[in-house]
Every structure is written in C-alpha cells, then in structure tokens.
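Colleague: I am new to reading protein models, and I would like to learn how to do it step by step. Could you take me through one?

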Amino acid sequence: MTAMFVNLPVTDLERAKAFYTAIGFTINPKFTDHNAACVIVEEDHSYFMILVREFFQTFTDLPIGDPAVSPSVATAIFLDDREAVDKTIAAGVAAGGAEPHPASDYGFMYQRTLTDPDGNIVEFGWMDPVAAEQGPEAYANQQD
C-alpha cells in the first residue's frame, strides 16, 4: 500500500480538527491525541497530520515558519465536479478559513484556494476527465 501523509503545523488542534471535518474530511481517532490528529482525506491513500506547533518542531531543528505569512506548500485536492469544489470552499470559509483570491477557470480545469485558520493552503479543483487522461489539448479539440 502506498499512502501519503502531509504534516501541517497548527496553533489550535481542536479548531483545526473542526475546520477539516467541516470541509468533509474525517478524523482517525486511533492516530489522534493532544499533540496531533490524523485527518483522512482519502481512505487508504491520503491524509493530513495536523500537529500542534510544539510537536511539529520535534521533527526538525529548523525554525517553523508561519504559513499565514510565508507559505511554503500548497496541497491540491481534486474533486468529482465544480459543484463539489464550490461546496467545499463555502464550508471552509464558514468554518474559519479564507479564500485569498478568486477562482481560476481554465475551461478544462477549475481551481479555488482555501487557507485553513493557520494559513495552510489547500487548493480544491476539478479537471475534465478527457483533459486529465489525454491532456488539455484533447479537451480543446473536443470543444471545436
């Protein structure tokens, strides 16, 4: 099995858990304690580990940046359709996140950016299945 875990520093674990569940993810209680929570993005494949900053610091000797001031990563998650993207962004903003700029609509691909309450960037998008499989030119050719 291949699985991906993205570790994110947070200042308030309970607030972060509430935010990530509000946008449709679930928490795995088996890997959750007072220092960290395992957020299931896609069962058996993709996860966020949201870690209180003090615990995150134990994984590196380098200083931890503030993602609200100096972001260093944006995680992109693609959903089944544009409506799911819009619904997720609305839920995230209602749960204390922010949408820092308008949606990007490329025809074959639609993306919106959401920041969590700590400033971590999570992009949500949709891509036309033909473009996803064959590239953007294939999508353009089917529009002619």
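Modeller: Gladly! Let us begin with an idea we need for strands: two strands pair if DSSP finds at least two bridges between them. Please keep in mind that this is a predicted model.

Colleague: Thanks. How are strands held together in general, and in which sense do β3 and β4 pair?

Modeller: Strands of a sheet pair through backbone hydrogen bonds, either parallel or antiparallel. Here β3 and β4 pair in the antiparallel sense, over six bridges. To see the pairing, find V39, which stands opposite F48 in β4.

Colleague: Which residue takes a positive phi in the hairpin of β3 and β4?

Modeller: That is D44, with a positive phi near 65°, in a hairpin that has three residues between its strands. D44 sits in the loop between β3 (36-42) and β4 (46-52). Its relative accessibility is 47%, so D44 counts as partly exposed. You can also use D44 to practise comparing sequence with space: D44 and E54 are 10 residues apart in sequence, while their C-alpha atoms lie 28 Å apart.

Colleague: Which way do β2 and β3 run?

Modeller: Strand β2 (residues 26-28) and β3 run antiparallel, joined by three bridges. In this pairing T26 stands opposite I40 in β3. As for covering, five of the seven residues of β3 are buried, so the strand is mostly covered.

Colleague: What is the order of strands in the open sheet of four strands?

Modeller: The order is β5-β8-β7-β6, and the pairing is mixed. At the edges stand β5 (74-78) and β6, each with a single partner strand, so one side of each has no neighbour in the sheet. Helix α3 packs on this sheet and touches β6, β7 and β8; the direction of α3 makes about 10° with that of β7. For a parallel example, look at β5 and β8, which pair over five bridges. There I77 stands opposite F124 in β8.

Colleague: And what does a single residue in such a strand touch, say T113?

Modeller: A useful general idea comes before that: in a regular strand the side chains alternate between the two faces of the sheet. T113 belongs to strand β7. T113 is buried, with a relative accessible area of 7%. Leaving out residues up to four places away in sequence, its contacts include I89, A98, E99, H101 and V122.

Colleague: Now for charges. How do I recognise a salt bridge, and how many are there in the whole structure?

Modeller: Look for a side-chain nitrogen of Lys or Arg within 4 Å of a carboxyl oxygen of Asp or Glu. A search of the whole structure finds five salt bridges. One of them joins the side chains of K17 and E14, at 3.2 Å from N to O. Why are these two separated by about one helical turn? Because K17 and E14 are three residues apart in helix α1 (residues 13-22). K17 is buried at 18% relative accessible area, whereas E14 is exposed at 51%.

Colleague: Which salt bridge links helix α1 to a distant part of the chain?

Modeller: The side chains of R15 and D118 meet in a salt bridge, again with 3.2 Å from N to O. This pair joins R15 in helix α1 to D118 in the loop between β7 (109-115) and β8 (121-127), 103 residues apart. R15 is partly exposed at 33% relative accessibility, and D118 is buried at 9%.

Colleague: Which residues are linked in a network of salt bridges?

Modeller: D86, E99 and R112 are. Within it, the closest N and O atoms of E99 and R112 are 2.7 Å apart. E99 lies in the loop between α3 (82-94) and β6 (104-105), and R112 lies in strand β7, 13 residues away in sequence. E99 is partly exposed, at 27% relative accessible area, while R112 is buried, at 15%.

Colleague: Last topic: empty space. How much of it lies in the largest pocket?

Modeller: Rolling a probe the size of a water molecule over the atoms shows where empty space is left. In this model the largest pocket holds about 270 Å³. It is lined by 18 residues, and the closest to its centre are P9, F56, S72, V73 and N120. Strand β1 (residues 4-10) gives the most to this lining, with three residues.

Methods:
Residues numbered from 1 in each chain as written. Predicted model: local features only at pLDDT ≥ 70, side-chain atom pairs only at ≥ 80, totals over all residues. Heavy atoms only, no water. Buried < 20%, exposed > 50% of the residue type's maximum accessible area, 1.4 Å probe, protein only. Contact = heavy atoms within 4.5 Å. Axes fitted to C-alpha atoms, helices over the stretch in contact; angles between N-to-C directions. 1 Å grid on protein atoms, 1.4 Å probe; cavity = no way out; pocket = protein on both sides within 12 Å on 5 of 7 lines; lining within 4 Å. Points joined across faces, edges and corners; volume = space filled by probe spheres on them.
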